[in-house]
Amino acid sequence: MRPDPAGGGPVRAADQPGRPDRPPLLRRPGQPPLPGRRQPRRAGWPERQPMAGHPALSQHPIAQLPGTVPHPGAGIRRVWPPAGGTCRHSTESLSMTTLNQIQSHQPAAWQPPVNTETSSLKDLFKHQDGRAALQQCRQSFQQYFQQEASKLGSAMSPDSQARFQKCATDRMELIVKTTLDDSPVKNDVKAFQKQLGNAGTLASQALQRLAVNAEMIKRQDLLPPVDPRPQVVPRAAGGYNLIRPAPQLENLVLRGGGTKGVGYPAALDIMSTGGMFAGLKNISGTSAGSLMGSCLAAGITPAQFEYQLSDTIFRPSVTTELTKVYHGLGQQVFDMLHMPGPLKDAHKYQSFQATNEYPGQHNKLYGDAKLGGGLMTGLSALHAVDSATAASVRDHLNANWDKPAFRAQLGQLPKDQLNRLQDLRQPADFSQSRVGKMVTFSDLKTLHDLAPEKFKNLTVTGWDKNNKTTAYFNAKNSPDMPIAEAARISMSLPILFKSMQLDPGDGAGKRKFVDGGFGSNMPAEVFIPDAAGEVKHDAEPNRAQADARARTLLLTFDEQGTAYSILHSDYQQGQPDFMEKMMSRSAHQSHKHEANIADNHKVHNSGINSLPVFHGKLSTVSMSFSDKTQHEARLGAALEALEQVDARSQQAESLGFSSLQDIADFLGPDEKKALLDAPPPKGDSPDRKLYELLAKQRSAPSSQPHAYA
C-alpha cells in the first residue's frame, strides 16, 4: 500500500526486489518512468529532502513520505539498514529466481521397475497380477520422489527441512493417489502404461514446483527476527507517522477470471507455505475465485485442489469425447463441463439418466435449483465442490470427534448444531438427493469456531437479475445456502453457462442469478469500507478503513501486465466489446463498465496488498489447452508468488497521528511492553518522548493494572 502523510497502511521494504522489467510497487525518488507506462498518480509530488545523517535512508519510501522532515539520528527500523544508523537489523538483498532458472532444473526421470513396452507388460500380466505390479511401481515411485526432493532441501536448516519435507510428501501422496492408486482393470496394458506415464510427468512437474518452495524457504531462513518496536517519524505539517509491523492478514479476496483461475492453486500454495495465511479468518470470492475460495474455506489445501479438482473445474473436455455421451439424445448443444474427471470411460455414461455412476440429472441431486438459459450446465463444477467440501468436513470431524479437547468444544454447541455436525460425519450418497445434505455457510461458521486454522468464514457473490444488484451469500445473509450452489451461481457467465433460479434463504424469495462478476468481480467491499472510493492523501485517515485494508489481501490476475498498469498508473478501463455487451444485456446489467472501473479502483487502492496472479497464455474462456501450457502457467504463478512473499516479508505499515498522546493511546499492550523493555532512545527524538510518556503512564497509580507492566 502506498504510504501517505496521513498514514496509508502497509509499506514495502525498499530493498525488496520488484518484478523484473516492470515498475516496483513503490518508485524510488528520481527514478524515471518506465517506457510505455503512465506516470504514477503521485509523480507530481515535489521532491523531498533525505533524512539527515543517513544517506541510505534517502532511498527508503518511508523516508520519502510527503510531509516528513529531516531528523538527525532518525532511522527506519526493520525495513532498511542505514550505514551507521539506528537500524537494529537488516534484511539481506535476495536475488530473484527467474522462470528460466527453475525450468532448467530438470530432475532425473523416474524409471519404473518394470519394462513398459507393450509386449513385456503382456508377458508380465500372464505371470503376475496387475495389482502386484502396481504396488511394486508405487514403492519405486515413492523412493524416487523422496530422493529427488531431498536434494532440493539439502542446504536448509533442520526446521526448514521439516517444512519442506512436508510440502514434498503431501505432493507425492497426491500424485500417487491420482495416478497409482487404482489397479489396471483386467490387467489392461494401455491403462497401466498411461498410469505410469502420468505419474512420471506429474513427478517432473511437481519437482520443478518444489524447487520454488525450496527457494522460498531458503530465503526465509535468511530473514532476521522481526523487531516488534514501533517507531515515530515527525511530519512537516504537524503530527507524526507511526511505523510499525504490518498486521497479520485476516481476509483474502479472490477475483473472478474464468480459466485464469488455473494459476490460483500454485500461487496460494507458495503463499500458504510462506506463512502469509497463518492468521486467515475470512475469504470472499467471485466466479473462479468463488470456486477456489469455497474449497479453501472448507479446509481443502491448494495442492489438493490442484490435483483433485482443478481439471474438473477449469479444463473443459474435448468435444469429440462428449459426443459419445450424448449419442442418441438428440442434443445439438451440449455441456462441455458436464462430466466429472477424466473422460476416458465416457462411453459408460451414454445412459447417464438411468445410472448412479454419475450424479445424474440435475433435478435428481440438486432439485432445489432451476437452471435457466445458457450453453453449459456447469454441473461438474457444482458436483466437484459439493463432493470435495463434504469429504473434507467429514474427514476432519471423524478424525477429531473422540479427542477430549474437541469433545469439550462440542459440548458448548447447541443441540441443533451438534446434530447437524453428526449428519455431516456420514458418507455422502450421490445416488440420492443432496438437498439439505451439502455444506452450508452456517456449517462453515460453526466449523471455523471449532477449528479456525482449517475452516474459514466465506462470502460468495452473485448477480441478482430480478433486482439488478449484487447478492452476497454468507452465514449472515443466507446461512442455510449450500456453498457449492453459491459457487455455481457465481460462475454463471451469461450465454456460456446456464443461470440458476433458487431461494438463497435471505428472505427475498426465489430469484434468477448469474455470475457475481457483473456486480463485483473483486469483492473487497466485504472487508474494506468504501473499497473503491477515492483515497485522499491529504486528509485525516479513516482508521477503520486503513486497518481493514492492511489486513486484507486482494488477488487479481496478471492479464499480460494489465494488473501492473492498474496498480501503478491511472489505468483507463477500455469500453466493453461486443461479447461483453451481449452478456451484460443477458444479465440485465446496464452498468458493467462502471463495475469494472470500481474493481480496478479496489485493486489500485490496496497497493502492495493487491497481488497479481500469473496465468500464462490462458484467458477467461480458454476452452482447451495442453498439459504443458497449464504447467507453465502454474510454474509462473508460483514464481510470481515467490516474489510477493519476499515483498511482504517483514512488511511495515504507516499510520498518521496528531500527537504522541494519540499514539500512546493507540498502541497495544505488546507494543508498549516492547518499547519499555528496551533501553531508552537517546537524544530528544520523538521515540524518546514517546518512551517517557509510556513510562509515565505505567508508573501512574491506577485502579486497573497495566497489561504491559
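Which helix gives the most to the lining of the second largest pocket? In this predicted model, that helix is H20, with 4 residues in the lining, and the pocket itself makes a convenient place to begin. The space in the second largest pocket comes to about 1,100 Å³, and its lining is made up of 46 residues, with Gly257, Lys260, Leu493, Glu559 and Thr620 lying nearest the centre. Besides H20 (592–605), the helices H7 (288–297), H9 (310–314), H18 (562–568) and H19 (578–586) each supply at least two residues of that lining. Sorted by class, the lining residues of this pocket are 20 nonpolar, 17 polar and 9 charged.

From the pocket we turn to strand E11, which covers residues 552–557 and is mostly covered, 6 of its 6 residues being buried. The burial applies to both faces of E11, with Thr552, Leu554 and Thr556 on one side and Leu553, Leu555 and Phe557 on the other. Strand E11 has parallel partners: 4 bridges join it to strand E4 (residues 251–254), and 4 bridges join it to strand E12 (residues 610–613). In the pairing with E4, Val253 stands opposite Leu554, while in the pairing with E12 it is Phe557 that stands opposite Val613.

The remaining part of the picture concerns charged side chains. Side chains of opposite charge can pair when their charged atoms come close. Across the whole structure, a search finds 28 salt bridges, one of which is formed by the side chains of Arg171 and Asp269, at 3.1 Å from N to O. Because Arg171 lies in helix H4 (residues 158–179) and Asp269 in helix H6 (residues 263–273), this pair ties together parts that are 98 residues apart in sequence. Both Arg171 and Asp269 are buried.

A further salt bridge links Glu671 with Arg244, whose closest N and O atoms are 2.9 Å apart; since Glu671 belongs to helix H23 (residues 669–677) and Arg244 to strand E3 (residues 240–245), the pair ties together parts that are 427 residues apart in sequence. Glu671 and Arg244 are both buried.

Arg511 and Asp464 also form a salt bridge, with the closest N and O atoms 3.0 Å apart, and here the pair ties together parts that are 47 residues apart in sequence, because Arg511 lies in strand E10 (residues 511–515) and Asp464 in strand E7 (residues 457–464). Arg511 counts as buried at 6% relative accessibility, and Asp464 is buried with a relative accessible area of 1%. Finally, salt bridges that share partners join Arg171, Arg209, Asp269, Glu306 and Arg634 into one network.

How values were computed
Residues are numbered from 1 along each chain as its sequence is written. This is a predicted model: local features need pLDDT of at least 70, side-chain atom pairs count only at pLDDT 80 or more; totals for chains, interfaces and linings use all residues. Side-chain values use heavy atoms; hydrogens and water are left out. Buried means under 20% relative accessible area, exposed over 50%, partly exposed in between (1.4 Å probe, protein chains only). Two strands pair if DSSP finds at least two bridges between them. On a 1 Å grid over the protein atoms alone, a cavity is a set of points where a 1.4 Å probe fits but cannot get out, and a pocket is an open set with protein on both sides within 12 Å along at least five of seven lines; lining residues have an atom within 4 Å of a point. Grid points are joined across faces, edges and corners, and a volume is the space filled by probe spheres set on the points. Ala, Val, Leu, Ile, Met, Phe, Trp, Tyr, Cys and Pro count as nonpolar, Asp, Glu, Lys and Arg as charged, and the others, Gly among them, as polar. A salt bridge is a side-chain nitrogen of Lys or Arg within 4 Å of a carboxyl oxygen of Asp or Glu.
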